[in-house]
Amino acid sequence: MSPELLVFAVIGTIAVAASILVISMRNPVHSALFLLLTFLCVAVLFVMKGAEFVGAVQVLVYAGGIMVLFLFVVMLINVRHLPDEKVLSNFWKGGFAVGLAVFILFVTLVRPGVYHDPVPSDKALRSTYTYRHRKVKNPDGTVTRKLIRRGKVAGNSEAVAMALYTDYLVPFEVASLFLLVAMIGAIVIGKRELSASEEENIPAYMLERSETEHEIKEAMSA
Amino acid sequence: MPEPLLRYLIWPLVKFLVAFIIVQVIVAAMNWVERRLLGLIQARLGPNRVGKEFGIPWGLAQIVADPIKFILKEDIVPSSSEKVAYFLGPMLPLIPAFLVFCLIPYGPPPTFVVTHVNVGLLLILALTSTGVYGIILGGWASNNKYSLMGGLRSAAQMVSYEVPFGLSIVGVLMLCGSFDLVHIINYQASHIWNLFPQLIAAFIFLVAMNAENNRTPFDLPEAESELVAGYHTEYSAMKFAFFMLAEYSSMIVNCCLMVSLFFGGWTLAINGYGLTTGVLRGMGIAGGILGALIFITKVMVFMLMYIWFRATFPRFRFDQLMDLGWKWMIPLALANIAVTGIVVLLGQQFNFQGEVVLSIAGAAIIAFTLYLLLRPRAKVIHARRVSEA
């Protein structure tokens, strides 16, 4: 057994076990912590495939940002003692069916040689093209600018950036637009008009402008 | 012993251990330095007694006395705490805080670089961003309302300031074109310290790194006038010391990042003249040690700045903290990215040095800000004098 396969087996097992524990834990904080463990294991798997950039971003965004917010919300609501519910809900048959269908879909998609490893070697994954204008002297003496494409073996982050900003620019921008829409929606839902009594109860220091601002206004009007 | 094992496992491990021990000694010493310096700034003495019996001056033995006290004190566990999370709380932030030390280049490569990762900077950011879990968990598991408040505040603050912290680095990345700290430092030696072209980014980074470490103007998670001691109210003895250790370690990490990104790391050079990496390597092992000493000196300057800030600024209110992060720091960082990107692109097209233009722009911004800050104040003072007369 090669060392890589051994590491994959260990990390993969931990990832799967942790993700099962996410849905079976009674305490939401414990679930969130096991989800964190799953994210970290997946990051290790990314690094093993030679995608250091995606692995680092996985930790940075999911473990460092999203999970912290999850924990924040869970702790803010502070559900410590759940009522004794059944472990499985009434819809477990349907849920299992859907899960099985998705699993079969993935297994058929990720066949070795078809969708698995579209790029044969990691050398090719790291090669990118740079485009640069170069002044070219024509035989008749005039100077024109010519676009020159040069292939080079670059780092992981360059490869990801090239893919995102050239071939996949439109999907990337569409995704960012979706995120923006979702964010605005969240703000609209979360923000509410204060009632008259609530508005009266706002402490004065919240409404007060700072002293410097007063001084600036004073000076401007003078 | 096989060569790859020596090269990829044993040698980095030895280097990491040496760096780790040096850093931990600095952490222990920082505690004493901080208390003495705060004493100096606040016109009092600070700890100056311990060790007098053994002829150790200035209370230096405090550095040894503190850890001994932490180890010997009674370890109290609240009876209604969430046991596993309560024990994990102080230990989780230690892992990323210590792990990061093998990604930082302390001196000229290859001797003083522990591991060379091509996404090194990103990995450092990723690891430091997971340090907040210990604080949240500790705050929640203590089963204490003040602790929980501290943990929640910490979570909100860390997530908010993670964004300007990361965004302020993007400008540097665009100028240098790499995530590799060694490359960034060499680039600065052959051009100019990133401080000058990335002045706004350096300022944002300084503020954000203070907020990331919960240091005083931004120490709301442990605000003693509001929350007793915040997330570590229920922690005593060595568990509390672990929180301290993680905080001071990540302070040093952030100072190392500041120095590497904006202040030229171990080099002392401009436009390729001076102590560049090449010159230091030409001097052999002495050059390496000199480089490491330059690096440590710069880091120490920023560590002292942390203490200086703590002694100088009053604590922010929580809504002020959020306003500063979301309404000022993030738009400013985004504007900085846009301007840097445009200038770098124009520089590539028309063959000029983007750094020079950005440095001039930075100087202009400082001048304009000073003008804006000083002008109305002067007018107000003048108006008051007129009205009084």
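**Helices and core in a predicted two-chain model**

User: Leu60(A) lies in helix H3 (residues 52-77) of chain A. In this predicted model, is Leu60(A) buried or exposed?
Analyst: Count the neighbours: 22 other C-beta atoms sit within 10 Å of Leu60(A). The cut-off for the label is 20 or more, so Leu60(A) comes out as buried.

User: Leaving aside neighbours within four places in sequence, which residues is Leu60(A) in contact with?
Analyst: With those sequence neighbours set aside, the contacts of Leu60(A) carry the chain letter B. They are Leu122(B), Leu125(B), Ala126(B) and Ser129(B).

User: Which residues touch the most other members of the largest nonpolar core?
Analyst: That core holds 116 residues. Helix H11 (residues 237-262) of chain B gives the most to it, with 15 residues. The ones touching the most other members are Leu122(B) and Met258(B).

User: How are H6(B) and H7(B) oriented to each other?
Analyst: The axes of helix H6 (residues 132-141) and helix H7 (residues 145-176), both of chain B, come within 7 Å and cross at roughly 155°. Angles over 145 degrees count as roughly antiparallel. H6(B) also passes H7(B) in a left-handed crossing. The pair is therefore roughly antiparallel.

User: What span should helix H1 (residues 3-24) of chain A have?
Analyst: H1(A) is hardly covered, with a buried count of zero among its 22 residues. At 1.5 Å a residue you can work out an expected span, and the end C-alpha atoms, 32 Å apart, agree with it. So the span H1(A) should have is 32 Å.

Terms used: Residues are numbered from 1 along each chain as its sequence is written. Chains are lettered from A and ligands numbered from 1 in the order in which they are written. This is a predicted model: local features need pLDDT of at least 70, side-chain atom pairs count only at pLDDT 80 or more; totals for chains, interfaces and linings use all residues. A nonpolar core is a set of buried Ala, Val, Leu, Ile, Met, Phe, Trp, Tyr and Cys residues joined through C-beta atoms within 7 Å. A residue is buried if 20 or more other C-beta atoms lie within 10 Å of its own, exposed if 12 or fewer, and partly exposed in between; C-beta atoms are placed from the backbone. Helices (H or I, at least four residues) and strands (E, at least two) are DSSP runs, numbered from the N terminus. The expected span of a helix is 1.5 Å times one less than its number of residues. Axes are lines fitted to C-alpha atoms, for helices over the stretch in contact, and angles run from 0 to 180 degrees between N-to-C directions. Angles under 35 degrees count as roughly parallel, over 145 as roughly antiparallel, 65 to 115 as roughly perpendicular and the rest as oblique. A crossing is left-handed if the near helix is turned anticlockwise from the far one by less than a right angle, and right-handed if clockwise. Two residues are in contact if their C-beta atoms, placed from the backbone, lie within 7 Å.
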